[in-house]
Amino acid sequence: MDLKKGFFLKLKSSFLMFTFFFCMQSGALQAGLNLEQLKNKELIRWILQVEQLCKPDCIHICDGSDEEFKDLTAQMVKTNTLIPLNGELRPNSFLSRSCEEDVARVEDRTFICSMNQRDAGPTNNWKEPAKMRKQLLELFEGSMRGRTMYVIPFSMGPLGSSISHIGIQITDSPYVVASMRIMTRMGKEVLNVLENNSFIPCLHSVGVPLDKGMVDKPWPCNPENKYIVHFPETKEIWSFGSGYGGNALLAKKCFALRIASKMGQEEGWLAEHMLIMGIENPQGEKKYFAAAFPSACGKTNLAMLKSALPGWKITLVGDDIAWMKIKEDGRLWAINPEAGMFGVAVGTSYASNPNAMDTIKKDTIFTNVGLTKEGDVWWEGMSKDTPLNCINWLGNNSSDCLKENIAHANARFATPISGCPCVDPSFDDPRGVPISAILFGGRRSSVIPLVMQSTSWQHGVFLGTTVSSETTAAANGAVGKLRHDPFAMLPFCGYHMGDYFAHWLSFSNKTDESLLPKIFYVNWFMKDENSQFRWPGFRENGRVMKWIFERIDLKPNAIKTPIGYLPDEQGLDLTHLSICPKNLANLLSVDVMGWQDEVKELREYYKIFEDKMPQKILEELDALEERLKKN
Ligand code: TSX
Ligand code: MN
């Protein structure tokens with residue numbers, strides 16, 4: 001990779017010997033691989049170029065072994081980057097506390113640097129690639145002084161899957177290395193699969209060089225100079241200044257969504273912000289669903305649902321990202337490119353998500369949660385009462401600051417999916433799983449019914465463009481304000497969203513439409529006049545899942561309405577559920593006036609996509625408006 005231009009540069013092999021020697025002398029190249037073991041020439045060149053640029057003290061090429069994880073976490077315990085949790089309560093688990101200025105993704109510092117600004121679209125920040133590259137080269141110059149530069153080979157998706165892709169992250173953060181070990185399939189097996197094939201280079205630095213005599217912080221970061229940069233044409237990721245989550249674990253939002261969405265557009269597949277779940281009926285018939293919701297709608301909770309209906313079993317393939325491709329059989333197949341979950345801790349409890357609570361009992365890295373005096377973790381919503389003498393996410397005793405929260409609202413757990421009690425048997429299957437239904441959803445207090453089904457692929461894609469959520473107290477901005485988030489991809493699409501809608505529409509030409517997944521829209525969040533939720537949600541959502549399952553099998557348990565199919569009188573299985581008829585009627589009817597306003601609102605919103613808005617979506621909106629008039 002020529003860091004200055006974005007393609008690979010020939011380097012003399014003498015550099016290789018020099019680097020190797022340099023690291024041996026510094027004495028820190030312990031476990032892990034050495035450069036001579038690497039076979040991929042482009043990888044070797046890139047590593048050496050980054051070394052020249054960032055000037056780390058030494059290089060560590062990760063092998064992904066247990067010993068390496070042990071060494072790394074032990075080292076971070078020494079520097080207070082990690083606090084080991086009570087081994088009897090949470091074996092092999094750690095707590096990390098971030099710097100106060102580094103607690104979430106930074107969308108205003110996230111850039112899509114395409115050649116033409118128009119290709120980034122109105123929903124992304126853009127900067128001219130050459131200018132951005134120059135700025136980044138200045139920032140990265142010497143940024144790893146005094147630190148170890150880690151090289152992380154990782155596979156997004158099962159090793160050897162035709163849907164999977166390989167990435168290499170270079171980082172100076174050991175916290176990122178340990179997290180990537182949980183979140184991806186990482187290590188030397190990946191290099192065997194890589195051979196001389198291409199990979200996505202992901203460069204990351206916390207942006208705090210350690211000069212002689214300087215003492216490191218437990219969580220180094222550079223809040224004044226955060227840059228999360230994507231070059232969609234050359235398929236590169238550069239991230240500077242932050243060590244947190246999606247800013248720093250570049251496999252996740254940066255690669256698996258922003259860069260992969262562009263790859264999908266070029267190559268004819270989909271990279272989506274979707275959970276993937278298996279669902280089995282009492283007769284043992286099984287289907288797979290994928291679902292896209294904006295944040296704070298409970299995607300992780302749905303992915304691991306324990307259904308209230310006896311005999312219905314739900315299994316977890318993924319809770320955040322789906323890569324989907326049409327295979328030879330004409331169906332859409334999906335893999336989860338990730339190997340772990342990076343879930344929001346606050347609100348997770350045995351009531352809201354028992355399977356998540358059981359998953360995080362071991363092998364988990366927690367960030368910005370509270371620490372109990374027993375050496376366990378705690379956060380708001382985990383149990384009713386705050387434990388006595390709990391230390392908050394900033395490391396202060398909670399009794400000294402009773403008003404402050406114990407956990408940060410964006411506190412997270414990073415935990416392996418393989419440790420989930422309801423992990424799907426095909427989670428690691430290179431073939432992936434065939435998708436029968438795609439669900440969209442949002443947090444809406446009115447208008448949008450509990451569940452509806454689209455009447456065609458095109459109508460379903462239209463529903464995807466309408467995804468929106470009312471903001472909650474946790475999100476910034478006013479409470480209850482409508483926020484459009486088409487396909488839940490607004491912060492994650494690596495190109496113009498108008499082109500993205502067109503890409504979705506094109507799938508009905510790639511295969512027989514009857515083989516494509518059926519598309520649904522769900523809303524668990526309708527409220528009554530007293531602001532009480534009309535639907536109990538959580539386990540009871542299993543009833544909605546059953547209706548969807550049966551619709552795919554063409555059961556005639558629905559009525560056609562102007563907005564799509566809704567469950568008919570007997571459609572939803574309400575056995576042993578007490579819900580007042582008024583609520584039920586409201587959840588499953590068409591609010592004609594509300595929808596007419598919705599049409600106006602959408603017509604206004606679509607204007608930001610200008611002439612890139614596909615005609616077919618505008619036609620769907622017009623047709624909806626006409627159907628509502630006749631009603
Ligand atoms: O995740 C949620 N789901 C999906 C579960 C599979 N949440 C939490 C959203 C924030 C992440 C929900 N909140 C759901 C839901 O279905 N529904 C609601 C709203 C709600 C909250 C509480 C109650 C009912 C509905 N009932 C009581 O508190 C008793
Ligand atoms: Mn997400």
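Q: In this predicted model, does Glu-233 count as buried, partly exposed or exposed, and at what relative accessibility?
A: Glu-233 is found in the loop between strand S9 (227–231) and S10. Partly exposed covers the range between the cut-offs of 20% for buried and 50% for exposed. The value for Glu-233 falls in that range, so Glu-233 counts as partly exposed, at 32%.

Q: Which residues are in contact with Glu-233, leaving aside its neighbours within four places in sequence?
A: One partner is far off in sequence: Glu-233 and Cys-113 are 120 residues apart along the chain. In space their C-alpha atoms are 8.5 Å apart. Leaving aside neighbours within four places, the residues in contact with Glu-233 are Cys-113, Ser-114, Met-115 and Asp-119.

Q: Which residues coordinate the manganese ion (ligand 2)?
A: Along the chain the donors follow the spacing K-x19-H-x46-D. The coordination is at 2.2 Å, through NZ of a lysine, NE2 of a histidine and OD of an aspartate. These residues are Lys-253, His-273 and Asp-320.

Q: How many residues apart in sequence are the parts that Lys-253 and His-273 tie together?
A: Both residues are donors to the manganese ion (ligand 2). Lys-253 lies in helix H9 (residues 251–267), while His-273 lies in the loop between strand S11 (270–272) and strand S12 (275–280). The pair therefore ties together parts whose separation in sequence is 20 residues.

Q: Is His-273 buried or exposed?
A: The cut-off for a buried residue is under 20% relative accessible area. Lys-253 has 7% relative accessibility, so Lys-253 counts as buried. His-273 has 8%, so His-273 too counts as buried.

Q: At roughly what angle do the axes of helix H3 and helix H6 cross?
A: Helix H3 spans residues 66–78 and helix H6 residues 174–183. H3 passes H6 in a left-handed crossing. Their axes come within 10 Å and cross at roughly 145°.

Q: How many nonpolar residues are in the contact of H3 with H6?
A: From H3, the contact involves Asp-66, Phe-69, Leu-72, Gln-75 and Met-76. From H6, Pro-174, Tyr-175, Val-177, Ala-178 and Arg-181 take part. By class, two of the contact residues are charged, one is polar, and the nonpolar ones number seven.

Q: Why is helix H13 (residues 497–505) described as largely enclosed by the rest of the structure?
A: The buried residues of H13 are Met-497, Gly-498, Tyr-500, Phe-501, His-503, Trp-504 and Leu-505. Their cover includes H9, S11, strand S22 (433–441), helix H12 (457–465), helix H14 (507–510) and helix H18 (615–630). The helix is largely enclosed because the buried count, out of nine residues, is seven.

Q: Which residues do ring pairs link into a cluster?
A: The structure holds 24 aromatic pairs. Tyr-605 and Phe-609 form an edge-to-face pair, 5.5 Å centre to centre with 85° between the planes. Both Tyr-605 and Phe-609 are buried. The cluster linked by ring pairs is made up of Phe-440, Trp-457, Phe-487, Tyr-495, Tyr-500, Phe-501, Trp-504, Tyr-605 and Phe-609.

Q: Is the pair of Phe-140 and Trp-238 stacked, tilted or edge-to-face?
A: Phe-140 belongs to helix H5 (residues 129–140) and Trp-238 to strand S10 (residues 236–240), 98 residues apart. Phe-140 and Trp-238 are buried. Their ring centres are 5.5 Å apart and their planes stand at 80°, so the pair is edge-to-face.

Q: Which residues does Asn-586 touch, not counting those up to four places away in sequence?
A: Asn-586 is found in helix H16 (residues 581–587). At 29% relative accessibility, Asn-586 counts as partly exposed. Not counting residues up to four places away, Asn-586 touches Met-526 and Arg-534.

Q: What is the phi of Leu-554, about?
A: Most residues other than glycine have a negative phi. Leu-554 is not a glycine, and its place is in the loop between helix H15 (541–552) and strand S27 (558–561). At 69% relative accessibility, Leu-554 counts as exposed. Its phi is positive, about 65°.

Methods:
Residues are numbered from 1 along each chain as its sequence is written. Chains are lettered from A and ligands numbered from 1 in the order in which they are written. This is a predicted model: local features need pLDDT of at least 70, side-chain atom pairs count only at pLDDT 80 or more; totals for chains, interfaces and linings use all residues. Side-chain values use heavy atoms; hydrogens and water are left out. Axes are lines fitted to C-alpha atoms, for helices over the stretch in contact, and angles run from 0 to 180 degrees between N-to-C directions. Helices (H or I, at least four residues) and strands (E, at least two) are DSSP runs, numbered from the N terminus. A crossing is left-handed if the near helix is turned anticlockwise from the far one by less than a right angle, and right-handed if clockwise. Contact means heavy atoms within 4.5 Å. Ala, Val, Leu, Ile, Met, Phe, Trp, Tyr, Cys and Pro count as nonpolar, Asp, Glu, Lys and Arg as charged, and the others, Gly among them, as polar. Donors are N, O and S atoms within 2.8 Å of the metal (3.2 Å for Na, K and Ca); water is not among the atoms, so sites may look incomplete. Buried means under 20% relative accessible area, exposed over 50%, partly exposed in between (1.4 Å probe, protein chains only). Rings of Phe, Tyr and Trp (its six-membered ring) pair if their centres lie within 6.5 Å; planes under 30 degrees apart count as stacked, over 60 as edge-to-face and the rest as tilted.
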